[in-house]
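Open the structure in your viewer and keep the sequence panel beside it. The stops below say what to select and what is there.

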Amino acid sequence: MIFNSTLTDSTPSLISPVVPPNLLVTDSPIKLGIMASGSGSNFEAIAQAIADKQLNAQIQVVIYNNPNAQVAARAQKWGIPAVLHNHREFASREDLDQQIVQTLQQFNVEWLIMAGWMRLITQVLLDNFPNQVINIHPSLLPSFKGVRAVEQALKAGVKIAGCSVHLVSLEVDSGPILMQAAVPVLPNDTHETLHARIQLEEHRILPQAIALAAQK
Ligand code: GRF
């Protein structure tokens with residue numbers, strides 16, 4: 001375990017497991033597909049880790065479902081194709097996932113990363129990427145699954161919060177946990193300040209967890 005005191009807001013964090021840097025770089029580049037609905041800061045953290053050679057991977061495509069998602073502009077900045085599959089244009093969740101699978105296959109994606117994907121997924125996705133779908137969630141799972149996880153944690157009055165990266169199964173925010181980071185909840189925290197502290201950790205552990213998963 002690592003106690004980290006180098007965060008910009010100088011609060012300590014705890015990350016587990018510790019992955020030695022030499023274990024993080026796989027022999028061949030991992031071909032990633034990213035699914036995101038919002039800002040895309042986790043997408044960018046992965047892109048930055050690749051650029052910094054901390055992760056041997058290539059982002060083949062970003063899929064987003066919300067026409068206003070900021071992630072599209074971020075992908076453009078990195079020169080990475082971004083494809084909109086607007087969920088409102090599909091009759092069912094399965095139809096949407098079928099279209100997503102088709103796009104991921106076109107782009108030769110091996111590992112699928114849900115980085116702020118705000119839709120329920122179906123078996124269609126999991127059947128096509130068995131044990132190859134990863135999600136990041138802003139809580140210490142199995143606590144506070146589902147939407148507004150940070151608000152749930154604040155409301156519950158927990159003193160330690162955090163984030164989890166896990167392999168995806170059909171049930172929301174479930175599946176084997178790959179990596180977690182914990183941060184303190186500070187006395188005057190709002191949803192925004194706590195989420196910002198958690199996101200610093202998300203950006204740190206998501207690239208590491210991808211490398212860890214791809215080695216197994
Ligand atoms: C993150 O907090 C992630 O844990 C959750 O959605 C948020 C996405 O943030 N699933 P961003 O779009 O990557 O900035």
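Start by selecting helix 2 and its surroundings: the buried residues of this helix pack against strand 3, strand 4, helix 3 (71–77), strand 6, strand 7 and helix 7. Keep in mind throughout that this is a predicted model.

Within helix 2, pick out Asn-42, Phe-43, Glu-44, Ala-45, Ile-46, Ala-47, Ala-49 and Ile-50, which are buried. Eight of the 11 residues of helix 2 are buried, so the rest of the structure largely encloses this helix. Then step past the end of helix 2 to Lys-53, where phi is positive, near 60 degrees.

Next, show the ligand. How many residues surround the ligand? There are 14, and the closest are Gly-38, Ser-39, Ser-41, Asn-42 and Gly-116. Helix 2 (41–51), strand 7 (133–137) and helix 7 (191–214) are the elements that each give two or more residues to this shell. Colour the shell by residue type to see five nonpolar, eight polar and one charged residue. Asn-42 belongs to both stops so far, being buried in helix 2 and among the residues closest to the ligand.

Now turn to the largest nonpolar core, which has 62 residues. Select Ile-34, Ala-36, Ile-46, Val-62, Ile-113, Ile-134 and Ile-210, the members that touch the most other members. Helix 7 gives the most to this core, with nine residues.

Stay with Ala-36 for a moment. Leaving aside neighbours within four places in sequence, Ala-36 is in contact with Phe-43, Val-62, Tyr-64, Ala-69, Val-71, Ala-115, Gly-116 and Trp-117. One of these, Phe-43, is a buried residue of helix 2, and another, Gly-116, is among the residues closest to the ligand.

Move to Ala-57, in strand 4. Is Ala-57 buried or exposed? Ala-57 is buried, because 24 other C-beta atoms lie within 10 Å, and 20 or more are enough for a residue to count as buried. Draw a distance from the C-alpha atom of Ala-57 to that of Pro-29: the separation is 4.2 Å, although these residues are 28 apart along the chain. Not counting residues up to four places away in sequence, Ala-57 touches Pro-29, Ile-30, Leu-32, Ile-50 and Ile-210.

Select helix 4 (residues 93–106) next. Helix 4 has 14 residues and reaches 20 Å from its first C-alpha to its last, close to the 20 Å expected at 1.5 Å a residue. Leu-96, Asp-97, Ile-100 and Leu-104 are the buried residues to show here. They lie on the same side of helix 4, because they cover an arc of only 95 degrees around the axis. An α-helix has 3.6 residues a turn, so residues three or four places apart point the same way. Turn the view to the other side of helix 4 to find Gln-102, Gln-105 and Gln-106, which are exposed. The cover over the buried residues of helix 4 includes strand 3 (30–36), strand 4 (57–64), strand 6 (111–114) and helix 5 (123–128). Following helix 4 is Asn-108, with a positive phi near 55 degrees.

The last stop is helix 6 (residues 149–156), where Ala-149, Val-150 and Ala-153 are buried. Their arc around the axis is only 100 degrees, which puts them on the same side of helix 6. Strand 7, strand 8 (160–167) and helix 7 are included in what covers them. Finish at Gly-157, just after helix 6, which takes a positive phi of about 75 degrees.

How values were computed: Residues are numbered from 1 along each chain as its sequence is written. This is a predicted model: local features need pLDDT of at least 70, side-chain atom pairs count only at pLDDT 80 or more; totals for chains, interfaces and linings use all residues. A residue is near a molecule or strand if its C-beta atom, placed from the backbone, lies within 6 Å of it. Helices (H or I, at least four residues) and strands (E, at least two) are DSSP runs, numbered from the N terminus. Ala, Val, Leu, Ile, Met, Phe, Trp, Tyr, Cys and Pro count as nonpolar, Asp, Glu, Lys and Arg as charged, and the others, Gly among them, as polar. The expected span of a helix is 1.5 Å times one less than its number of residues. A residue is buried if 20 or more other C-beta atoms lie within 10 Å of its own, exposed if 12 or fewer, and partly exposed in between; C-beta atoms are placed from the backbone. The arc is that of the directions from the helix axis to the C-beta atoms. Two residues are in contact if their C-beta atoms, placed from the backbone, lie within 7 Å. A nonpolar core is a set of buried Ala, Val, Leu, Ile, Met, Phe, Trp, Tyr and Cys residues joined through C-beta atoms within 7 Å.
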